[in-house]
Amino acid sequence: MADKQYVVIGAGIAGVSAAEAIRRQDADGEITLLSGERDLPYARPMLSKAPLLSLELKQLTLHPAEWYRQQGIRLRLDAAAQSLDPAGRTVVCGGEVLRYDKCVLAVGARNFVPPFPGAEDVPLCGVRTLEDLRRVRRLAGGKRRAVVIGGGVIGLEMAAGLSRYGLEVSVLEAMPSLMPRLIGENISRWLQEQLPQLHIHTGVSIRRLYRDGGETVVENGDGRRWRCDILLVSCGVRADTDLAQKAGIICERAVVVNERMETSAPDVYACGDCAQFQGGNAALWNQGLRQGVTAGANAAGGDAVYAGCDTSLVLNLDGVGLFALGDLGQSGGGAYRIEEESWPARRTFQVDPRRPAVPGKSIRVWRGKQLTGVALLGDLRRMQALKAELLEQRRGEE
C-alpha cells in the first residue's frame, strides 16, 4: 500500500505542530509543508518582543532547516497555495498540482486595517510577518516620531520597542481604556500609569490620515492631530479564509471546525488563527500549537480532541509586568469584590535602574463566592500559583 500523502498549508506554529504530530503518528507518510514566506518558520509572537534593531532570524526560528529534513518533512518556502479542491483531493501551488490523502489548513490570519479615510494614501506598517518587521526597522532608522494605532499587547510592545530606540511614540486607542474587555478599567489605568515613556491617548476616533510635508498626519474627530515619521497599525487580525471559501468549506468569521479540527470537507482539517472552534478564535500562540497537534494527529489516524487552551494575557514591558486571566469585572452583570495583596518592598521587581521599581501586587476578583478572575501587577513570579488557584475554583464548579 502506498504511503499516505499529507499537505499542510501554512507554516506558523499551527502548521509546524500539525506536521510534527503527523510524523509522530505516521512514520512513513509523505508530508509537504507549504509556507507563503521566504524565511524558515518562526515564532510570530516574538516579532513584537525581540529587540527591534538587533533582531536576527535565528532568535525567532522554530527549527533549523536540518530538523525538517530529519523529520522527513518537505518544507517549501515562498510557496503559497493558490487553490484547494476537496473533491479532487488536490492543492495547487506555484502551478504544481499536489495530491493529498489528508490536508491541514493552517494559513493563519491577516492584519486588520480599519477603513480609515486616506489609509491608502499614506505609508503604514503592520506587524504580522518577519517582512513587516524588516520594513518597520528600515523606516524607523533615524526617525523622531512614531504613532501606533491600537493599544493591545502587540501595539504596546511595538510602541515600547520604538521608544527604547529613541523615538517619541504616541499610542492611539479607540476604546475608553487599554484592553478593557481583557483587564477591566482599574488594571488598565494602572498599566497606563506605568508607561510614562509612551504618550497614550484613549477614546480616539480617527477622522482621516494624510501626508503633509513628508510626514504622516493622524487627525482625530475632535481636531487633534499627531504627526509622525512612521505609522503602525495594530488593530487585531482577521482569519484568512480565502482558500477555504473558494473550496466550498463552511466559514463564518473563520473556518468552522469541530473538536477534532475537522472542517465541513472530508479529510480537510483546519487549525490556528484561521480556524473557528465553538464560535470563537482567540488567535493565541498556545491555541495554534494545541490545535495544530490535534489536527495533525487526527489527519494521521489518531483520535485527539481539542478542549481549549490557556487564554492568559501576559505583558512584559521594560520591567512592567502584567498577568491577567478570567473576568476581572469587565463583563458587568453583578457586583464584584476586589481583593488586593501588595508584596513587601524588598520583593520589588526592577529591570531598568533609571526607573523606580514596580512593587508586586496580586488581584483576585470575586462575584459572591465565585472567584472570577486573577491578575498580577509588577512582579510576575506568582503567576503559575495564581493561575492554578483560578483553575481549581473552576474545576470545583463543574
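Is Y68 buried or exposed? I started my notebook with that residue, working on a predicted model. Y68 turns out to be buried, with a relative accessible area of 1%.

**Entry 1: aromatic rings**

I looked next for ring partners, and the count came to two aromatic pairs. One of them joins Y68 to W67, with 4.9 Å from centre to centre and 90° between the planes. That makes the pair edge-to-face. I checked W67 as well, and W67 is buried at a relative accessible area of 12%.

The other pair I wrote down is F277 with Y306. Their ring centres are 5.2 Å apart and their planes stand at 75°, so I noted this pair as edge-to-face. Where do F277 and Y306 lie? I found F277 in strand β19 (residues 275-277) and Y306 in the loop between α7 (285-299) and β20 (313-317). The pair therefore ties together parts that are 29 residues apart in sequence. F277 is buried, with a relative accessible area of 14%. Y306 is buried too, with a value of 5%.

I also looked for a charge over a ring. R238 lies over the face of F112, at 3.8 Å from the ring centre.

**Entry 2: the second largest pocket**

I then turned to the second largest pocket, which has a volume of about 210 Å³. Its lining has 15 residues, and I listed the closest to the centre as E185, N186, I187, I338 and I363. Which elements give two or more residues to this lining? They are α5 (180-193), β22 (337-342) and β23 (361-367). Helix α5 supplies the largest share, six residues. Sorting the lining by type, I got eight nonpolar, four polar and three charged residues.

I picked I187 for a second look, as a residue of helix α5. I187 is buried, with a relative accessible area of 6%. I also checked the C-alpha distance from I187 to L377: the two are 190 residues apart along the chain, and their C-alpha atoms are separated by 8.3 Å.

**Entry 3: a hairpin of β13 and β14**

Strand β13 (residues 215-220) and β14 run antiparallel, and I noted four bridges joining them. One facing pair I wrote down is V218 opposite W226 in β14. The two strands form a hairpin with four residues between them. In the turn, G223 has a positive phi of about 100°. Which residues make up the covered face of β14, and which the uncovered one? W226 and C228 are on the covered face of this strand (residues 225-228), while R225 and R227 are on the uncovered one.

**Entry 4: β21 and its two partners**

I followed strand β21 (residues 320-326) next. This strand is mostly covered, with six of its seven residues buried. β21 pairs with β20 in the antiparallel sense over five bridges. I marked V320 in β21 as the bridge partner of L317. Here the hairpin has two residues between the strands, and D318 in the turn has a positive phi of about 50°.

β21 is also joined to strand β24 (residues 370-377) by five bridges, and these two run antiparallel. In this pairing I found L325 opposite V374 in β24.

**Entry 5: positive phi outside glycine**

Most residues other than glycine have a negative phi. I looked up two residues with a positive value. D78 has a phi near 50° and is found in the loop between β3 (73-76) and β4 (81-85). M261 has a phi near 70°, and its place is in the loop between β17 (255-257) and β18 (268-270).

Which way does each go, buried or exposed? D78 counts as exposed, because its relative accessibility of 59% is over the 50% cut-off. M261 counts as buried at 0% relative accessibility.

**Entry 6: one last residue**

I closed with A19, found in helix α1 (residues 13-25). A19 is buried, with a relative accessible area of 1%. I also noted the distance from A19 to G236: they are 217 residues apart along the chain, and 27 Å separates their C-alpha atoms.

Note on methods: Residues numbered from 1 in each chain as written. Predicted model: local features only at pLDDT ≥ 70, side-chain atom pairs only at ≥ 80, totals over all residues. Heavy atoms only, no water. 1 Å grid on protein atoms, 1.4 Å probe; cavity = no way out; pocket = protein on both sides within 12 Å on 5 of 7 lines; lining within 4 Å. Points joined across faces, edges and corners; volume = space filled by probe spheres on them. Nonpolar A, V, L, I, M, F, W, Y, C, P; charged D, E, K, R; others polar. Buried < 20%, exposed > 50% of the residue type's maximum accessible area, 1.4 Å probe, protein only. Pairing = 2+ DSSP bridges. Phe/Tyr/Trp six-rings, centres within 6.5 Å; stacked < 30°, edge-to-face > 60°. Lys NZ or Arg CZ within 6 Å of the ring centre and 35° of its normal.
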